[in-house]
Amino acid sequence: VTWSDFFSTLPMKLTKDCLITGDGEELCDGENGSLKFYLNEVENNAALDQVIKSGDKLKVIFLSS
């Protein structure tokens, strides 16, 4: 199971470019900010495609401009 598979089970949408919250707020990578992914404390832009391993931790951060 990948991180993308996991997030598809939640009432929100997450892609490498956008986080869309359950109430429809869009936080997208671009001129209004940046979406960052950290897998086990290391920045990893391909984290959503990684298979989840025991003990893995994914942090998703949106930094507004």
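Lysine 36 pairs with glutamate 43 in a salt bridge, with 3.7 Å between the closest N and O atoms. A salt bridge here means a side-chain nitrogen of Lys or Arg within 4 Å of a carboxyl oxygen of Asp or Glu. The model is predicted: local features need pLDDT of at least 70, side-chain atom pairs count only at pLDDT 80 or more, and totals for chains, interfaces and linings use all residues. Residues are numbered from 1 along each chain as its sequence is written, and side-chain values use heavy atoms, with hydrogens and water left out.

## Salt bridges

Side chains of opposite charge can pair when their charged atoms come close. The count under the cut-off is three salt bridges. The table gives each pair.

| Lysine | Acidic partner | N to O distance |
|---|---|---|
| Lysine 16 | Aspartate 17 | 3.8 Å |
| Lysine 36 | Glutamate 43 | 3.7 Å |
| Lysine 59 | Glutamate 41 | 4.0 Å |

The lysine 59 and glutamate 41 pair links distant parts of the chain. Lysine 59 sits in strand β6, and glutamate 41 in the loop between β4 (33-39) and β5, 18 residues apart. Strands are DSSP runs (E, at least two residues) and helices likewise (H or I, at least four), numbered from the N terminus.

How exposed are the partners? Burial is graded by relative accessible area: buried is under 20%, exposed is over 50%, and partly exposed lies in between (1.4 Å probe, protein chains only). Lysine 16 has 55% relative accessibility, so it counts as exposed. Its partner aspartate 17 is partly exposed at 37%. Lysine 36 is partly exposed at 25%, and glutamate 43 is partly exposed at 42%. Lysine 59 is partly exposed, with a relative accessible area of 39%. Glutamate 41 reaches 61% and is therefore exposed.

## The loop between β4 and β5

Glutamate 41 has a second feature. Its phi is near 75°, a positive value in a residue other than glycine. Asparagine 40 lies in the loop between β4 and β5, and glutamate 41 lies there as well. Asparagine 40 also has a positive phi, near 55°, and is not glycine. At 35% relative accessibility, asparagine 40 is partly exposed.

The side chain of asparagine 40 makes a polar contact with the side chain of aspartate 56, at 2.9 Å. A polar contact is a pair of N or O atoms within 3.5 Å; within protein, one must be able to donate a hydrogen and the other to accept it, and residues adjacent in sequence count only if both atoms are side-chain atoms.

## The loop between β5 and β6

Aspartate 56 belongs to the loop between β5 and β6. Which side chain of opposite charge is nearest to aspartate 56? It is lysine 53, 5.9 Å away. Aspartate 56 is buried yet has no salt bridge. For charge, Lys and Arg count as positive and Asp and Glu as negative, while His and the chain ends are not counted.

Isoleucine 52 is in the loop between β5 (42-43) and β6 (58-64). Its relative accessible area is 32%, so isoleucine 52 is partly exposed. Together with Val1 and Phe6, Ile52 makes a nonpolar surface patch of about 270 Å². Patches are made of residues with over 30% relative accessible area and no salt bridge; like charges are joined within 9 Å, and nonpolar side chains (Val, Leu, Ile, Met, Phe, Trp, Tyr) within 5 Å. Accessible areas come from the Shrake-Rupley method with a 1.4 Å probe, and for residues only the protein chains shown count as cover.

## The disulfide and the β2 to β3 loop

The structure holds one disulfide. Cysteine 18 is joined to cysteine 28, with 2.0 Å from S to S; the cut-off for a disulfide is a pair of cysteine sulfur atoms within 2.5 Å. The link of cysteine 18 and cysteine 28 is right-handed, with 115° about the S-S bond. This pair links distant parts of the chain: cysteine 18 is in strand β2 (residues 18-20) and cysteine 28 in strand β3 (residues 26-28), ten residues apart.

Are the two cysteines buried or partly exposed? Cysteine 18 is buried, with a relative accessible area of 19%. Cysteine 28 is partly exposed at 22% relative accessibility.

Threonine 21 is placed in the loop between β2 and β3. At 22% relative accessibility, threonine 21 is partly exposed. Threonine 21 and proline 11 are ten residues apart in sequence, and their C-alpha atoms are 7.6 Å apart in space.
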